[in-house]
Amino acid sequence: MKDVTRIPAAAPTGRIGIVHLGLGAFHRAHQAVYLERYRQRSGDDAWGICSANLRGGVALVDALREAGYHYHVAEYADRDTVTLRGIGVIEEALFTGRDTAGEWGRDLASLLARMASPETRLVTLTVTEKGYFLNPAEGSLLRDDPLIAHDIAHPQAPRTAPGILVAALGLRRRAGVPPFTVLCCDNMPDNGQRTRAAVVQLAACGDGELAEWIEREVAFPCTMVDRIVPAMTGTDFERLAELGVDDPNAVVGEAFTQWVVEDDFPLGRPAWEAEGVEMVADVAPFETMKLRMLNGSHSLLAYLGALDDIETVFDAVSRDDLRALLRRYMLQEAAPTLAMPAGTDIEGYAEQLLYRFANDSLRHRLQQIAMDGSQKLPQRWLHGALARLEAGGQVPCMALGVAAWIRYTLGVDLHGNAHAVDDPMASTFALMHEAHGEDMEALVPAFLELDAVVPPALAERAGFVAAVVSAYRCLTTLGLKAALARLDAPTR
C-alpha cells in the first residue's frame, strides 16, 4: 500500500511574468514546481510561465496545449512514499525549432513578442550546457557552429537560446522597455556570467551598441539547482497509472529539491524564499560543491557503469565497490577543492548524496547522464583535478573517470555491446578512435590535448596523463572490478 499525498493544481490566471526557454522534464519538475507552490500559498498570480522548446519537443508542446497546460509531478521519497502534485503554472507553451515539415520557427514571433512585453520581467533557461554554444574550456562563443553562424547572419530569425535572448532584448531596447532579468538554471559554473558572455558576444557580432547595453543593463544572476529527474520510462507511466494518473506529460523525480539563487532582480521576482529557495549574495560555493560532488559522482557512475553494462544509478550504487569509489572521490578528491562557508558539513552532504542515489523509486539511466560529456566534464572533474594536483594532492578516481569517458566514446562497452555517443563532439571522437585504434599510448594523450575540453595545464601534467593511460589499460584489459581495485596508484 503506497503512502500517496495528492495536491491539485491551482487554477490558471492568464497572467504571465516569466518566459522559460527549454521545456524539458527538469524545468517542469523544478522551477515550475516552486512557482506552483508559491502561487498556491501566496495568491500572487503575476508569475505564470510561458515555456518554449527551441529544438526538439514539438510533440510535448502540442500535448501540453491539448491538456490545457496541466500535468503532474510525482515526487518519490522512496518506492512507497509519493507526493502527486498537479501543476498549472505554465500558462502557454511554444515551439521555435524545426517541425516535421522541416520548417523552423513556428512560434518564434509569438515568443519574441512575449519576451518583449513589459509584463515579462524574468527569462529562465534550462537548455543544457551545449545550448549556450561556448567553448567549455575558454568560454568563448562558438561562432563557427552552424546554428550560431545562422543567428549571426539572420539576427531577426534566431534558432539558439543566445540568439533569442539577443533578439528579444533588442526589441525591448528599441521600445524603451527595461530589460528582463536572465536566470540560467543549467549546471555550469558561474552560469549567470557564462550566459552573459554568450549573449554579449553574440550581440557584438551584429550590433556593438546593443552588446554594450546588455553588458551594462541586464542582470544575469547565478543559480544552483538540484533535483534528480530521470527521463520517463514505460515503467514510470505504469506506476502512475496504478495511482489513477493517465498523463502523457507527467514527470517523476525525487522528493529532494534545492534552489540557490543570487538575489539580483531589478524588475522584481516572486518571493521564492517562502518556498525554501535560498536567496544569497554568492552562489559560487554551493554551485561548485554540487557540480563536483553530485554531478561529478553521477558522471563517474555513468561512464564506469555504462562500460560494465549497468543500467541505472540505483543499480550502480548497489555495488559496494562503486559506492566506495564515490565516497572516496567526494571526500578525498572533490571536497579538498571546495571553499564552503563555515559550518558546511561536507561529509554529511556526501552521505546524503549516497542516500539519494540509492532511491530505488528512480530509474535514472546512466546513458542519460553520459550525454554531452565534452560539455560537462570540465566543470565536474577537470578543473577540480587541476586544482587538487596543484595543491599537491592526488586524483586517481578522476583519472579513472577520464579513462572511462575516453573508452565510452568508442561507442562499445567492455562486453561488446554498442551504445550511442550523444555529444556535440561525437564525430571528432569517432575520428580519433579510428586514427589511433587500440594504441592507448597515442589515443589517451590525443583526447587530453582537446583544449576545447581539457585545460591545457592539466594535459601538460605527465603524471596525470600516465595515470589515465594506466587506468585505460586496466579497464580495457582486466575490466571494471580490477580497475577499481587498483585505485591506489599515485597520480601527481
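This is a short tutorial dialogue on reading a sheet, salt bridges and cysteines in a predicted model.

User: Let's start with the sheet. In what order do its four strands stand?

Analyst: Reading a sheet begins with who stands beside whom. Here the order is β1-β5-β4-β10, the sheet is open, and the pairing is mixed. The strands at the edges are β1 (3-7) and β10 (251-254); each has a single partner strand, so one side of each has no neighbour in the sheet. From one strand to the next, the twist averages 20 degrees.

User: How many bridges join β1 to β5?

Analyst: Five bridges join these strands, and β1 and β5 (residues 81-87) run parallel. To find the pairing on screen, start from D3, which stands opposite T81 in β5.

User: While we are at β5, let's look at R85. Is R85 buried or exposed?

Analyst: The idea is to look at relative accessible area, where under 20% counts as buried. R85, which is found in strand β5, has a value of 12%, so R85 is buried.

User: What does R85 touch, leaving out residues up to four places away in sequence?

Analyst: R85 touches I7, V33, R37, Y71, H72, V73 and E75. With E75 there is also a polar contact of 3.2 Å between the side chains.

User: And with which residue does E75 meet in a salt bridge?

Analyst: The partner is R227, with N and O 3.2 Å apart. E75 and R227 are both buried. Now check where the partners lie: E75 is in strand β4 (residues 71-78), while R227 is in the loop between β9 (223-226) and α9 (234-242), so this salt bridge ties together parts that are 152 residues apart in sequence.

User: How many salt bridges does a search of the whole structure find?

Analyst: The search finds 24. One of them joins the side chains of R15 and D45, at 2.7 Å from N to O. R15 lies in the loop between β1 and β2 (16-21), and D45 in the loop between α2 (31-42) and β3 (48-53), so parts 30 residues apart in sequence are tied together. R15 is partly exposed, with a relative accessible area of 43%, and D45 is partly exposed at 26%.

User: Could you show me another pair?

Analyst: Try E92 and R114, whose closest N and O atoms are 3.0 Å apart in a salt bridge. E92 sits in strand β6 (residues 90-95) and R114 in helix α4 (residues 108-116), 22 residues apart. E92 is buried at 18% relative accessible area, whereas R114 is partly exposed at 24%. Salt bridges can also share partners: D62, R65, R106 and D107 are joined into one network that way.

User: Now the cysteines. How many disulfides does the count give?

Analyst: A disulfide is a covalent bond between the sulfur atoms of two cysteines. For a pair to count, the sulfur atoms must be within 2.5 Å. In this structure the count comes to zero. Take C222: the nearest cysteine sulfur, that of C184, is 8.2 Å away, and C222 is in no disulfide. C222 is buried, with a relative accessible area of 9%.

User: Why is the sulfur of C474 not in a bond with that of C397?

Analyst: Because the sulfur of C397, the closest cysteine sulfur to that of C474, is 14 Å away, which is too far for a bond. C474 also counts as buried, at 3% relative accessibility.

Terms used. Residues are numbered from 1 along each chain as its sequence is written. This is a predicted model: local features need pLDDT of at least 70, side-chain atom pairs count only at pLDDT 80 or more; totals for chains, interfaces and linings use all residues. Side-chain values use heavy atoms; hydrogens and water are left out. Two strands pair if DSSP finds at least two bridges between them. Helices (H or I, at least four residues) and strands (E, at least two) are DSSP runs, numbered from the N terminus. Axes are lines fitted to C-alpha atoms, for helices over the stretch in contact, and angles run from 0 to 180 degrees between N-to-C directions. Buried means under 20% relative accessible area, exposed over 50%, partly exposed in between (1.4 Å probe, protein chains only). A polar contact is a pair of N or O atoms within 3.5 Å; within protein, one must be able to donate a hydrogen and the other to accept it, and residues adjacent in sequence count only if both atoms are side-chain atoms. Contact means heavy atoms within 4.5 Å. A salt bridge is a side-chain nitrogen of Lys or Arg within 4 Å of a carboxyl oxygen of Asp or Glu.
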